[in-house]
Amino acid sequence: MSSISRTSSPRRVAAAATIGTALESYDFYVYSYFAAFFAGPFFFSALGDAGAQLAAFATIGIAFVVRPIGAVLFGHLGDRLGRRRTLILTVTLMGVATGLVGLLPTGTEWAAMSAVVLVLLRVVQGLSLGGEWGGAILLATEHADARRRPFFASLPQLGSPIGSVAAGGLMLALFFGLGPEAVSAWGWRIPFLVAIPLIAVSLYLRASVDETPVFQALERRGERERVPVVAAIVRQPAAFVVAILTALLGIGSYSLMNTYTMDYGAESLGFDPMQLLLAATIGGLLQFVTVPAFGWLATRIGSPTVVAIGAIGTLAIAFPMYWLLSSASFAFLVTMMLVGGVLPTASWAALGGTMSELFRGRHAYSALSMAYAVAAVVSGFIPLVTDALGEATAGAWWHPGVVLAALSLATLVGALAARSMRKLGDEEADAALAEPAREAVRV
């Protein structure tokens, strides 16, 4: 009698994928807020005010620079050893590194050493990030049937708003509960230390689900690639470029809105930092509705079409939004965060579905991780580039709009190209899901 692999329910698998990406996202946003308000004065004050802020933004970029290395490393493990085991490793590394940031000393005599350790921990976080997203998308989609696959692909994308709301909400609670002085003195450590117990929850959920049917089928047939990242780039170069373009708006808009615009709004436009945090948190809450809604829409009209709709909408509002922001009230600030968040969210929600359709399962973990990492490298430096553009244009109101429009155009090109490409990932996932049924008939 043939053995038939048990598979976990798509809902349970999606929960395991989402909780891990939420922890990764939480860790990312905690550091982004920390970099916007504290990292410069704590660790880089010797560089002067402007230099310290640039250095703080650069530490965000460092994690993105090493993401391709993490994508190669964990993509290889994911395609050779399995999606589930690799995701357990990535979430552990991220949680531990984040917790250690909260233990760094900040006194003047410790500044140099702490700055070096901070950079090293950001490297570890970047390596982990490089292997997380692609695996989470595959964990969710390779367990689901074709009809529901775009929706389940959108659920790990909820990790970003969950992480954003959790990080922003905790920061707000600390500022209002402890006061700015206490937060600057010691309270900023709490959001980082919270990541350590959260690891246990993520590990439990990920350990409780099965390996995906696609990987099980590849393992049974002996079709795993020896060097999957090379196979992905050499055998599907066009799909690789399309995947990078498609990812730029979804990733880059978060970096622009939640890091650069936070600092720009506080330093140049005079908004209270707590108002900016509150507006970002409200925008993140809205995504709890919009992400699954766009995921559902993708099951009706296709993931690439939803990505394209988001890109077109964001392009249309990029310049008007920043023009109005220069003289906005707090009510308009919240509205801007909502509108400016919803439209890129369409591209974000349907990104996993679009990219997972492009690549063959035997190198899908490496392909998704590497393409996403390359897009993330570009996006990680968006705050730095936008800040430099602002300096070059003497703070012209339109300078962030240029960046947002460029991201929108790139993603629109990628989405239109993805619509015309063969859905190799779906074909292999369908075949893998059908194998147990055929085995059962033979039994």
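In this predicted model, Thr345 touches Tyr254, Gln287, Thr290, Val291 and Phe294, leaving out residues up to four places away in sequence. Thr345 is placed in helix H16. With a relative accessibility of 1%, Thr345 counts as buried, since the cut-off for that label is under 20% relative accessible area.

Helix H16, which spans residues 330–349, also carries Trp348, and this leads to the aromatic side chains. The structure holds four aromatic pairs. In one of them, the ring centres of Trp348 and Tyr372 are 6.5 Å apart and the ring planes stand at 50°, so the pair is tilted. Tyr372 belongs to helix H18 (residues 364–380), and the pair with Trp348 therefore ties together parts that are 24 residues apart in sequence. Both Trp348 and Tyr372 are buried. Together with Trp133, these two residues form one aromatic cluster. Another of the pairs joins Trp188 and Phe192: here the ring centres lie 6.0 Å apart and the planes meet at 80°, so this pair is edge-to-face. Trp188 and Phe192 are both buried.

Attention now turns to helix H13. Leu249 has its place in this helix, which covers residues 237–267. The relative accessible area of Leu249 is 0%, and the residue is therefore buried. Setting aside neighbours within four places in sequence, Leu249 is in contact with Gly310, Ala311, Thr314, Pro344, Ser347, Leu404, Leu407, Ser408 and Thr411. For one of these partners, Leu404, a C-alpha separation can be added: the C-alpha atoms of Leu249 and Leu404 are separated by 7.8 Å, although the two residues are 155 residues apart along the chain.

The loop that runs between H13 and helix H14 (273–301) contains Phe271. At a relative accessibility of 10%, Phe271 counts as buried. Between the C-alpha atoms of Phe271 and Phe330 the separation is 8.0 Å, with their positions 59 residues apart along the chain.

Two helix pairs complete the picture. Two packed helices are described by the angle between their axes and the distance between the axes. Helix H15 (residues 303–325) packs with helix H17 (residues 351–358) at an angle of about 135°, and the axes are 8 Å apart. That angle makes H15 oblique to H17. The crossing of H15 and H17 is left-handed. On the H15 side, Ser303, Pro304 and Val307 take part, and they meet Leu351, Gly353, Thr354 and Glu357 of H17. By character, the residues of this contact divide into three nonpolar, three polar and one charged.

The other pair is made of helix H7 (residues 159–178) and helix H8 (residues 180–187), whose axes come within 6 Å and cross at roughly 120°. That makes H7 oblique to H8. The crossing of H7 and H8 is right-handed. Leu174, Phe175 and Leu178 are the H7 residues in this contact, and their H8 partners are Pro180, Ala182, Val183, Trp186 and Gly187. The residues of the contact of H7 with H8 comprise seven nonpolar, one polar and no charged.

Definitions and conventions: Residues are numbered from 1 along each chain as its sequence is written. This is a predicted model: local features need pLDDT of at least 70, side-chain atom pairs count only at pLDDT 80 or more; totals for chains, interfaces and linings use all residues. Side-chain values use heavy atoms; hydrogens and water are left out. Axes are lines fitted to C-alpha atoms, for helices over the stretch in contact, and angles run from 0 to 180 degrees between N-to-C directions. Helices (H or I, at least four residues) and strands (E, at least two) are DSSP runs, numbered from the N terminus. Angles under 35 degrees count as roughly parallel, over 145 as roughly antiparallel, 65 to 115 as roughly perpendicular and the rest as oblique. A crossing is left-handed if the near helix is turned anticlockwise from the far one by less than a right angle, and right-handed if clockwise. Contact means heavy atoms within 4.5 Å. Ala, Val, Leu, Ile, Met, Phe, Trp, Tyr, Cys and Pro count as nonpolar, Asp, Glu, Lys and Arg as charged, and the others, Gly among them, as polar. Rings of Phe, Tyr and Trp (its six-membered ring) pair if their centres lie within 6.5 Å; planes under 30 degrees apart count as stacked, over 60 as edge-to-face and the rest as tilted. Buried means under 20% relative accessible area, exposed over 50%, partly exposed in between (1.4 Å probe, protein chains only).
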